Amino acid sequence: MGRTTPDPPVSAVRYHDLTSHVRHRISPHSLDFSRYPAPFKTYEYQRRILLKQENSTSRKDRGENLAVGGLKDTVGSAMSDQVTGNEPVGLETVSRILSLSYGVTLADRSRGILFRSVPSAGGLYPGQLYLSVQKTDDIETGLYYCDTVQGFLGRINPRPLDQTIVFPGCAAADACMVITGIFYHSAWKYRERAFRYLLLDAGHLAEAVVQASRATGVQARICYDFDDHGLVQALDLDAGLEVPLACVFLGSGTGAAPLPDSIAFQPAVDTPTSRDPVVYDILSQAYQTGTPIAATPPVKNIPPVFSGTPEQQRPVPVPGRFPAVAFERAVTGRRSRRNFVTRELPAPVWSALLNRVFNKMFIDHDPDETGSAAASFVVTAMISQNMQGLTPGLYVISRDGAGLTRLKTGHLAGDLARVCLDQSWIGRAAVNFLMAADLGAVEAALGARGYRYVMMHAGRIGHRVYMAAQELGMGCCGIGAMYDGEAADLLGLTSGSRLLYAVSAGPVK
Ligand SMILES: Cc1cc2nc3c(=O)[nH]c(=O)nc-3n(C[C@H](O)[C@H](O)[C@H](O)COP(=O)(O)O)c2cc1C
């Protein structure tokens, strides 16, 4: 079943605007549960390798993750350490990384939903993971679909990705995790707006893979730039249905050797879903428009995203020291919590939250190779209330999370709730993070692909908020639903700027 757009988007900005929500103009849509997206893909696998897991269904039912134990790292270090891991990429480390980044952490049997370690808009998990293994001790070279629900790597091609072709100019790695998105998984609920959610979800997942790799001691580097066509072919995807969005290189690549021609390209048969996906052409058009990779320019003179005259920047108080929370525990305990209460957040806690989210993310520590250009365009602000020592208002957060610049004074969280499709819980959150960018400037500098970068970047920041909030005992929930024009007006965004994503955090019941 197909739905064409009468006027296809010629740019990413146009896609974003065409899919804006306007109050009273959201067309009614009933969810068709007979077409509910399947939680994993199926292939006629050439080989299956079981992931190393503690095989206990009862733990899964209790909402505990199946990651194997022994992880010493804490959330803070997984989020912000320099990439120094020297653990080899092998079945044990890959099993940990997959379990911690995309494992099932809660099974809701009554509704038939398997919740994962990452949040996902609508709980629809459009992201799929593939692992290309170049050279490891105990995983045979090849290309695998990562079935983190059933717990195995399924070989779908004996030939791994040819890194020099698909990722020209990138340093070699031992293995590469590819994150794709299936349009329909998200479009089932969000229709034409689904490409936004695919990108935000992919950003969450990329950050989760990086954090899980660090906690496991494996080097990880995000890469958003690849030959889309080559990757679609190598993964044998139907680009009208599923597209590559991000990659994470794993390991140091010290043992990587050129791929011998003797390994045949022999894709496994992908069993199509019997649930007959509805195809929204605008989604693949929005993806296709971003396939060219622009030369990354030196980014100068980024236009302001928020209008008005900012006050002088003030320093964020010194972050408090809190007992470290084991990474595995934080991952398994993470959930979207919306039951916010209006209780004051002590200054050492909120400053620790900012510190954990932003410290070392952008300043010379960003593992995302394209991030330095894209990150400069993403401005994070917050609407605060009940934060000890801070007048309620709208503040821009400096890139390192150490400075705040006030733009507006007042209790604005209720207004934000109103423009975010009247989701009233947003009005009670102590802090609402707001990721915004001037999409016109992004597209002018980085081409239409720049939209992918900034949306995934916003998703990465969102994931860091979730994990930091979890570590500090706060609730957190992403917000992708908003009346876009009303949100821009409320925040005083400049004409080309748009709110990409918002995330609420704060004390919960
Ligand atoms: C990109 C994104 C957008 C989201 N938008 C909303 C939203 O607007 N409202 C909401 O209540 N939850 C939202 N969520 C939270 C999801 O509903 C939640 O992650 C999902 O149901 C899975 O539950 P869990 O996070 O507890 O694992 C969003 C999550 C993501 C990642």
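**Strand 6, an open sheet and the contact between two domains**

In this predicted model, strand 6, which spans residues 127-133, is mostly covered, with seven of its seven residues buried. Burial here means that 20 or more other C-beta atoms lie within 10 Å of the residue's own. In a regular strand, side chains alternate between the two faces of the sheet. In strand 6, G127, L129, L131 and V133 point one way, while Q128, Y130 and S132 point the other way. The residues of both sets are all buried.

Strand 6 has pairing partners in strand 9 and strand 7. With strand 9 (residues 175-182), the pairing is antiparallel and extends over seven bridges. Within this pair, Y130 is placed opposite V178 of strand 9. With strand 7 (residues 142-147), strand 6 again pairs in the antiparallel sense, here over four bridges. S132 of strand 6 has L143 of strand 7 as its bridge partner. Y130 and S132, which take part in these two pairings, belong to the set that also includes Q128 and points to one side of strand 6.

A further group of strands was examined in the same model. Seven strands make up an open sheet, arranged in the order 14-17-16-15-18-20-19, with antiparallel pairing. Its edges are formed by strand 14 (314-315) and strand 19 (475-479), each of which pairs on one side only. For strand 19, the neighbour in this order is strand 20. Strand 20 covers residues 497-506 and runs antiparallel to strand 19, to which it is joined by five bridges. One of the positions linked in this way is G475, whose bridge partner in strand 20 is G506.

At the level of the whole protein, the chain is divided into domain 1 (38-288) and domain 2 (314-506). The centres of the two domains, taken over C-alpha atoms, are 26 Å apart. Domain 1 gives 42 residues to the contact between them, and domain 2 gives 35 residues. On the side of domain 1 that touches domain 2, the elements giving two or more residues are helix 3 (75-80), helix 7 (194-216), strand 10 (220-223) and strand 11 (242-250). Helix 7 provides the largest share of this side, with 14 residues. Sorted by class, the side of domain 1 that touches domain 2 consists of 24 nonpolar, 11 polar and seven charged residues.

Conventions:
Residues are numbered from 1 along each chain as its sequence is written. This is a predicted model: local features need pLDDT of at least 70, side-chain atom pairs count only at pLDDT 80 or more; totals for chains, interfaces and linings use all residues. A residue is buried if 20 or more other C-beta atoms lie within 10 Å of its own, exposed if 12 or fewer, and partly exposed in between; C-beta atoms are placed from the backbone. Two strands pair if DSSP finds at least two bridges between them. Domain bounds come from an automatic or database domain assignment. Two residues are in contact if their C-beta atoms, placed from the backbone, lie within 7 Å. Ala, Val, Leu, Ile, Met, Phe, Trp, Tyr, Cys and Pro count as nonpolar, Asp, Glu, Lys and Arg as charged, and the others, Gly among them, as polar.
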